[in-house]
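Trainee: Please take one part of this model and go through it closely with me. I would like one connected account.

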Amino acid sequence: QGTIIKRYKRFFVDIKYKNKTIIAHCPNSGSMMSLLNIGNKVWFSKSNNPKRKLKYTLQIISVNGNLVGINTHLSNKIILEALEKKKIDALKKFQYIKSEAKFSDKTRFDFLISNQKKKCFLEIKNVTLVRKDNIAEFPDAITSRGTKHLRDLITAKKNGYESYILYLIQRQDCKTFKIAGDIDINYKIAFDKAIKAGVKILCYDCKINDEEIKLNNQIELI
C-alpha cells in the first residue's frame, strides 16, 4: 500500500512507497476521472516476471474511504469466476463458456456462453466513475470502441444470438448505474438503440478489499 503522486502517459503512475517513488503500470486506459487526487491511498501488486519492464501494477485506489478496483484486465476474470459459480441469475441457464469469442473478422466479444438451445454473446465493461449521489457511470471518456461493441451486439441479436452487456462496477459504494451521455453522446445513442433492439443490460458491483475482488450485488439501471 502506498499513495498516488501522479499518472502520466496513460499507463504510468508514480506511487510513494516507504519514502521513495516507484513507477507502476496503470492497467486502465480510461480517464479515471475523480480517482487520481494526489495523496489517495493505493494498493499495487508486484510481479516476479524478469521480462516485465515495470514490476509493479496499480490495482486499487481509495477515494473518500471507498475502494475502487481500476485494473480493467481483472474484469473478465471476475466475471468468468461468477459464470462458473452461477452467481449471475440471468445467465445461469448457460452451461458452456468460451472466452474471447470471435463474432466477425473485426469483432471479438468477451464471452460466448451457450446451452443446448441458445448461444449468447456477452461483453463486459469495467466501471469506476462516480460523480454524485452514489451513481456509477460509464463511460468516463469518449469510447468509439465501446460504441462499436454496442452496434455489434445489436447485429448479433439480429442474427439470432442472445446479446448481453454487463457493466462491472469495481466498487461497493454505488446504489444505481447510468450511462454518462454528457461524456459520450454517441455511446448513449448506441446504448438506447441496443435496448430497443433487445440487447440485455446487466449491472453488478463488486465486493472489494486489499486481498480480493469478486462479484457482489446486482445494481439498478436508471
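Mentor: Here is a close look at one residue, Gln 59, followed by the cysteines. This is a predicted model, where local features need pLDDT of at least 70, side-chain atom pairs count only at pLDDT 80 or more, and totals for chains, interfaces and linings use all residues. Residues are numbered from 1 along each chain as its sequence is written, and side-chain values use heavy atoms, with hydrogens and water left out.

Start with Gln 59. It sits in strand β5, residues 56–63. Strands (E, at least two residues) are DSSP runs, numbered from the N terminus. Gln 59 is buried, at 16% relative accessibility. Buried means under 20% relative accessible area, exposed over 50%, and partly exposed in between, with a 1.4 Å probe and protein chains only.

Now its surroundings. Contact means heavy atoms within 4.5 Å. Leaving aside neighbours within four places in sequence, Gln 59 touches Trp 43, Phe 44, Ser 45, Val 68, Gly 69, Ile 70, Asn 71 and Leu 74. Take Trp 43: it is 16 residues from Gln 59 along the chain, yet their C-alpha atoms are 5.7 Å apart. Take Asn 71: its side chain makes a polar contact of 3.0 Å with that of Gln 59. A polar contact is a pair of N or O atoms within 3.5 Å; within protein, one must be able to donate a hydrogen and the other to accept it, and residues adjacent in sequence count only if both atoms are side-chain atoms.

Last, the cysteines. The structure has zero disulfides (pairs of cysteine sulfur atoms within 2.5 Å). The sulfur of Cys 206 has its closest cysteine sulfur in Cys 174, 10 Å away, so they are too far apart for a bond. Cys 174 is buried at 5% relative accessible area, and Cys 206 is buried at 0%.

Terms used. Helices (H or I, at least four residues) and strands (E, at least two) are DSSP runs, numbered from the N terminus.
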